[in-house]
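Good morning, colleagues. Please have the sequence and the structure open as I speak. I shall begin inside the protein and work outwards.

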Amino acid sequence: MKKLLVVSLAGLLLLSLCTSVLAADKIKIGFLVKQPDEPWFQDEWKYAQQAADELGFELIKIGATDGEKVLAGIDNLAAQQAQGFVICTPDVKLGPAIVAKAQAAGLKVMSVDDRFVGPDGNPMEEVHHMGISAFNIGKAVGQALVDEAAARGWDLKEVGFLRMSYDQLPTIKERTDGATEVLVGAGLPEANIFDSPMKVLDIEASMNAANITLTKHPDVKLWVVAGGNDSSAIGAVRALEGQKVPLENAIAVGINGTEAVAEFEKPEPTALIGSILLAAKQHGYGTAENMFKWIKDGVEPEKAIWTAGQLITRENYKEVMGLN
Ligand code: FCA
């Protein structure tokens, strides 16, 4: 009996030793995002978690809304013995500080969505990155606006362009630049571009910026709206509604797709007629998987990966997104 007890105790000990070794061996990867409340980032986390579950690593999600939280988050990852992290930084100028801190802690780092900017103002090309083809996606927004304006029989010379800009972030500037190029190319006069700088990238800031522009230009009757993402377009749509601009006089197209879906699901249409749906799975699952393989097998990810988008509208979003 005593022998049996000793043997089974030894067995238990071995088992617990094995599981703790296994737990210690499990690769840990951080995923830091700048706006954890935005549906886009919730999607990235969701897909990164899917990668963790399927590939067998531990994902540590950190909402990093400012520089302090980013640096504390990296400390936290180091304390938990993580081996690397993927980050969409709240400020691209933090790039050098993030890299230095990651190196000091022996953590691998990859950026997603917003590319780090170095002290010289140029993108930090040495840091592995996955981002969207921002200028082309902006052009797709411009084209969707031009097509809808044509379908409504509008003369672009009479149309005002609510440009919801956020020029301090290069990926966003490229998007609004792309939309602008197409609109101007199609005949929208430069004088009709009403730049509406946003203080932050959310719906409220977009609404505030659009309200300032709309109040200054009560003479403009027809409006097109483009911005860096869905929130930037949706806030302006709310401002147009608030200023009683009729639905048939306003056309807005967003980017991301995630927030646009909530607009499309409303029983009554709004001025947001479309959005460029981005590849959230690639950005969430793909970056986490790349980081995992880099840590586990030493397979270095591609230095820069640029993803595409696809126009979704109230009519086709369910089909395109497989929501049927
Ligand atoms: C930026 C924007 C997000 C999303 C992402 C791909 O980070 O803030 O909304 O568009 O690029």
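Of the 14 residues that line the largest cavity, those nearest its centre are Trp40, Phe41, Asp114, Arg175 and Asn256. I should say at once that this is a predicted model. Two elements, helix H2 (39-55) and H6, each give two or more residues to the lining of this cavity. The space in the largest cavity comes to about 120 Å³. By class, the lining of the largest cavity comprises 6 nonpolar, 3 polar and 5 charged residues. How many cavities of 30 Å³ or more does a search of the whole structure find? The answer is 1.

Where does the largest cavity lie with respect to the domains? Domain 1 (28-127 + 280-307) and domain 2 (134-278) both contribute residues to the lining of the largest cavity, so the cavity lies between them.

That brings me to the domains themselves. The protein chain is divided into two parts: domain 1, made up of 28-127 + 280-307, and domain 2, which covers 134-278. Their contact takes 12 residues from domain 1 and 12 residues from domain 2. Between the C-alpha centres of domain 1 and domain 2 the distance is 30 Å.

Let me turn now to the pockets. The largest pocket holds about 310 Å³ of space. Its lining has 15 residues, and the closest to the pocket centre are Lys34, Pro90, Asp91, Tyr166 and Leu201. Sorted by class, the residues lining the largest pocket are 6 nonpolar, 4 polar and 5 charged. Both domains take part here: domain 1 and domain 2 each provide at least three residues of the lining of the largest pocket.

The second largest pocket holds about 230 Å³. Its lining consists of 18 residues, and Arg115, Pro170, Thr171, Glu174 and Trp306 lie nearest the centre of this pocket. Which elements each supply at least two residues of the lining of the second largest pocket? They are strand E5 (128-132) and helix H6 (170-185). Helix H6 is thus named again, having already appeared among the elements that line the largest cavity. In terms of class, the lining of the second largest pocket has 8 nonpolar, 6 polar and 4 charged residues. The second largest pocket, too, lies between the domains, because domain 1 and domain 2 both give residues to its lining.

I come next to the sheets. One is an open sheet of 6 strands with parallel pairing, in the order E2-E1-E3-E4-E5-E11. Strand E2 (58-63) and strand E11 (304-307) stand at its edges; each has a single partner strand, so one side of each is left without a neighbour in the sheet. From one strand to the next, the twist averages 15°. Strand E1, residues 28-33, pairs with E2 in the parallel sense over 6 bridges. As one example of this pairing, glycine 30 has isoleucine 60 in E2 as its bridge partner. Helix H10, residues 280-297, packs on this sheet and touches E1, strand E3 (84-87), strand E4 (108-112), E5 and E11. The direction of H10 makes about 165° with that of E4.

The other sheet to describe is also open and has 6 strands, in the order E7-E6-E8-E9-E10-E12, but here the pairing is mixed. Which strands stand at the edges? They are strand E7 (193-197) and strand E12 (309-313), each with a single partner strand, so one side of each has no neighbour in the sheet. The twist in this sheet averages 20° from one strand to the next. Strand E8 (residues 222-227) pairs with strand E9 (residues 250-256) in the parallel sense, over 4 bridges. Within that pairing, valine 224 has isoleucine 251 of E9 as its bridge partner. Helix H5, residues 134-151, packs on the sheet, touching E8, E9, strand E10 (272-278) and E12. The direction of H5 makes about 155° with that of E9.

To close, I return to the starting point: the largest cavity lies between domain 1 and domain 2, since both give residues to its lining. Thank you for your attention.

Technical notes:
Residues are numbered from 1 along each chain as its sequence is written. This is a predicted model: local features need pLDDT of at least 70, side-chain atom pairs count only at pLDDT 80 or more; totals for chains, interfaces and linings use all residues. Side-chain values use heavy atoms; hydrogens and water are left out. On a 1 Å grid over the protein atoms alone, a cavity is a set of points where a 1.4 Å probe fits but cannot get out, and a pocket is an open set with protein on both sides within 12 Å along at least five of seven lines; lining residues have an atom within 4 Å of a point. Grid points are joined across faces, edges and corners, and a volume is the space filled by probe spheres set on the points. Ala, Val, Leu, Ile, Met, Phe, Trp, Tyr, Cys and Pro count as nonpolar, Asp, Glu, Lys and Arg as charged, and the others, Gly among them, as polar. Domain bounds come from an automatic or database domain assignment. Two strands pair if DSSP finds at least two bridges between them. Axes are lines fitted to C-alpha atoms, for helices over the stretch in contact, and angles run from 0 to 180 degrees between N-to-C directions. Contact means heavy atoms within 4.5 Å.
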